[in-house]
Amino acid sequence: MSIETLTGQTNIDRFRVGARNDNKKGFTLAEVLITLGIIGVVAAMTIPSLMTAYKAQRFRSQFLKSYSTLQQVVKRMVAEDVSTEASSYAPNTFYKEFQKFITGSTDCGSYLQGVIESPVCHYSHRTNEKGYKAYNKKTNAYIHYFDDGILAMPDGTSLYFENLNALGNDTSVRTPLIFISVDINGYNVKPNIWGIDMFTFQLSGSELLPMGARGTWFTDENVYCNPTGTNDKNGIACSVKAKDDTEYFKRVLK
């Protein structure tokens with residue numbers, strides 16, 4: 001047999017082997033469609049949970065940042081011998097002193113002075129029907145705890161102040177209190193619900209405590225941090241849970 005014949009046969013064999021290998025590399029249309037279908041099902045099952053986890057982490061970060069900012073302001077006030085006692089202030093005055101320690105914040109006024117309406121300033125008694133909701137997402141929140149001064153923060157959050165002359169356990173004693181509520185993502189961003197993106201803290205002497213903690217005014221979770229409760233202050237005591245429970249926002253955002 002000639003060399004050419006051998007060479008030709010060898011080339012033919014190589015062509016056949018190559019053809020066989022090429023046939024093994026491809027996918028049929030049915031296989032591609034099945035694979036895409038599986039990917040779609042997996043994505044539909046996992047993406048919502050991933051988005052919820054991401055949103056929960058973002059809300060928790062915003063909450064902790066806001067709490068830290070408020071604490072730092074209180075510490076600076078104490079360091080500079082500025083009173084943090086509620087009894088030192090008349091209604092609608094503490095927030096103005098507080099603002100002196102926040103660079104770039106906007107004074108949005110108060111209920112008595114009139115709330116300024118602007119892109120960064122919102123919420124007054126007149127707008128309650130489209131304002132904040134209690135923790136059950138249906139009941140209108142008790143707006144009278146938000147009306148002794150409003151500050152719009154440089155990062156987009158909103159602060160609401162209340163200087164309250166509340167009755168203590170001994171009804172013959174009036175105990176002045178200061179509450180500071182923070183909308184951690186701003187009024188323009190929903191859901192605007194107490195206990196989800198609105199949280200309240202109580203100034204106790206030189207310490208800022210998350211409402212619901214021991215020593216604060218509202219600690220009964222069955223009434224003040226209950227997803228089915230109808231009290232208009234429901235949600236005010238959720239702050240301590242948001243602080244201490246790392247899974248809190250994952251649950252409330254489901």
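Is Lys96 buried, partly exposed or exposed, and what is its relative accessibility? Lys96 counts as partly exposed, because its relative accessibility is 34%. That value falls between the 20% limit for buried and the 50% limit for exposed. The model is predicted.

Start with the whole chain. It holds 6 helices and 6 strands. Along the sequence the pattern reads α-α-α-β-β-β-β-β-β-α-α-α. Of its 254 residues, 42% count as buried. Consider contacts with a separation of 6 or more: 55% of them join residues 24 or more positions apart. The exposed area is about 14,200 Å². Carbon and sulfur atoms supply 56% of that area.

Now the surface near the start of the chain. Phe27 sits in the loop between helix H1 (3–25) and helix H2 (29–79). Phe27 is exposed, because its relative accessible area is 68%, over the 50% limit. It belongs to a nonpolar surface patch with Leu29, Val32, Leu33, Leu36 and Ile39. Together these residues have about 660 Å² of accessible area.

Next come the charged pairs. The whole structure contains 8 salt bridges. One of them returns us to Lys96, which pairs with Asp107. Their closest N and O atoms are 2.9 Å apart. Lys96 belongs to helix H3 (residues 94–99) and Asp107 to strand S1 (residues 106–107), so the bridge ties together parts 11 residues apart in sequence. Asp107 counts as partly exposed, with 23% relative accessibility.

A salt bridge also joins Lys241 and Glu221, at 3.3 Å from N to O. Lys241 is in helix H5 and Glu221 in helix H4, so this pair ties together parts 20 residues apart in sequence. Lys241 is partly exposed at 27% relative accessible area. Glu221 is partly exposed too, at 35%.

Arg251 and Asp245 form another salt bridge. Here the closest N and O atoms lie 2.4 Å apart. Arg251 counts as partly exposed, at 45% relative accessibility. Asp245 also counts as partly exposed, at 24%.

Move to the loop between strand S6 (207–210) and helix H4 (221–224), where Thr216 lies. Thr216 is buried, because its relative accessible area is 10%, under the 20% limit. Its side chain has polar partners in the backbone. A polar atom of that side chain lies 3.0 Å from the backbone nitrogen of Gly212. The side chain of Thr216 also reaches the backbone oxygen of Ala213, at 2.6 Å. Beyond its neighbours within four places in sequence, Thr216 contacts Gln202, Leu209, Pro210 and Met211.

Helix H4 itself contains Val223. Val223 is partly exposed, with a relative accessible area of 29%. Setting aside neighbours within four places in sequence, Val223 is in contact with Asn231 and Asn234. Lys233 is 10 residues from Val223 in sequence, and their C-alpha atoms are 8.2 Å apart.

The last stop is a covalent link. A disulfide is a covalent bond between the sulfur atoms of two cysteines. The count here is 1 disulfide. Cys225 and Cys238 form it, with sulfur atoms 2.1 Å apart. The two cysteines are 13 residues apart, each in the loop between H4 and helix H5 (239–244). The torsion about their S-S bond is about 115°, so the disulfide is right-handed. Both Cys225 and Cys238 are buried.

Definitions and conventions:
Residues numbered from 1 in each chain as written. Predicted model: local features only at pLDDT ≥ 70, side-chain atom pairs only at ≥ 80, totals over all residues. Heavy atoms only, no water. Helix = DSSP H or I, 4+ residues; strand = E, 2+ residues; numbered from the N terminus. Buried < 20%, exposed > 50% of the residue type's maximum accessible area, 1.4 Å probe, protein only. Polar contact = N/O pair within 3.5 Å; in protein donor to acceptor, adjacent residues only side chain to side chain. Contact = heavy atoms within 4.5 Å. Disulfide = S-S within 2.5 Å. Patch = residues over 30% accessible without salt bridge, like charges linked within 9 Å, V, L, I, M, F, W, Y side chains within 5 Å. Areas by Shrake-Rupley, 256 points an atom, 1.4 Å probe, with all protein chains shown as cover. Salt bridge = Lys/Arg side-chain N within 4 Å of Asp/Glu carboxyl O.
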